[in-house]
Amino acid sequence: MNRLLVAVVHETDPLARLGPWLRDAGMDLEERHLGTGDELPATLDGFDGLVVLGGPQSAMDPPEVSPELVGVRALLAQAVAADVPTLAICLGAQLLAEVGGGKVRTGIDGPEVGATLVAKRDAADKDPVFGPLPLSPDVIQFHHDEIAQLPPGATLLASNPFYANQAFRVGRHVYGLQFHIETTPEIVREWAERDTVGVAASPHDRETLCLLTDAVHPDLEAVWAPFAARFADLVRTRARQAA
């Protein structure tokens, strides 16, 4: 089985449904929970891929504010340099953008929160992981910062009218998703209780926002579980090529 290192940056954003999707696709997952004291390895040696999840921290936090992000940045930089298959979600995607030479800032139009759609860009049609997605898949958003500029040479794969840089690829195997695909309804409800500022920026009250996100979770699974399987295929192919 191919080994994926999973950086759970904060306990409020666990692997959740993404874990079973990847395991069902044949991946062996080694989770490191940074919020409970787990340490990250210094390198990606021995791993075939990397998954980095989200959290309430900011990609702009200095080391003294969020020291747990130092090791995450280092591993993402290694993944970019060696083109190691990577799936970086929300905060993970923002960290990926920064280490790749892009820019992150506080979202100029405020937080983006709740169930929404993203639209594939033309380049996504030729991408082995994004290509089979529907034109406008459902996603869950919960972020205050935005990826203002992609890394040089990155390929934009999905956008929406609120914030343009919703999904991108660096090199051939390193992916960043500004949105969430891994959530459960219970996780989103916890976020909505914690993030009063984000919910206040939404056009919906907290309960309506949660009901709307509850309703899209079956569609999320139908679309993004096969996406996770295609990412696993990419990991396997890359590992065979590197052997």
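These legends describe close-up views of a predicted model.

**View 1. The largest nonpolar core and its best-connected residues.** This core has 49 residues. Those with the most contacts inside it are Leu-18, Leu-22, Leu-87, Phe-130, Leu-177, Trp-224 and Phe-227. Helix 6 gives the most to this core, supplying 13 residues. Another core, of 29 residues, lies apart from it. Ala-79, Val-84, Ala-93 and Leu-156 are among the residues of that other core. In soluble globular proteins, nonpolar side chains tend to be buried together.

**View 2. Contacts of Trp-224.** Neighbours within four places in sequence are left aside here. Trp-224 is then in contact with two aromatic residues, Trp-21 and Phe-179. Leu-133, Val-139 and Ile-181 are also in contact with Trp-224. Pro-137 and Asp-138 complete the list.

**View 3. Thr-213 in helix 6.** Helix 6 covers residues 206-242. Thr-213 has a relative accessible area of 0%, so it counts as buried. Residues up to four places away in sequence are not counted in its contacts. On that basis, Thr-213 touches Gly-114, Ala-115, Ile-140 and Val-188.

**View 4. Cys-90 and Cys-210, without a disulfide.** Why is there no bond between Cys-90 and Cys-210? The closest cysteine sulfur to that of Cys-90 is in Cys-210, 16 Å away, which is too far for a bond. A disulfide needs the two sulfur atoms within 2.5 Å. Seen from the other end, Cys-210 is in no disulfide either, and its nearest cysteine sulfur is that of Cys-90. The disulfide count comes to zero. Cys-90 is buried, at 4% relative accessible area. Cys-210 is buried too, at 2%.

**View 5. The two sides of strand 11.** Strand 11 runs over residues 167-170. Ala-167 and Arg-169 point one way. Phe-168 and Val-170 point the other way. Are these four residues buried or exposed? All are buried, Arg-169 included. In a regular strand the side chains alternate between the two faces of the sheet.

**View 6. Strand 11 and its pairing partners, strands 10 and 12.** Strand 10 (residues 155-159) pairs with strand 11 in the antiparallel sense, over three bridges. Here Leu-156 stands opposite Phe-168. Strand 12 (residues 174-177) also pairs with strand 11 in the antiparallel sense, over four bridges. Tyr-175 in strand 12 is the bridge partner of Arg-169. Strands 11 and 12 form a hairpin, with three residues between them. In the turn, Gly-171 has a positive phi of about 65°.

Conventions: Residues numbered from 1 in each chain as written. Predicted model: local features only at pLDDT ≥ 70, side-chain atom pairs only at ≥ 80, totals over all residues. Heavy atoms only, no water. Buried < 20%, exposed > 50% of the residue type's maximum accessible area, 1.4 Å probe, protein only. Contact = heavy atoms within 4.5 Å. Core = buried A, V, L, I, M, F, W, Y, C linked by side-chain atoms within 4.5 Å. Pairing = 2+ DSSP bridges.
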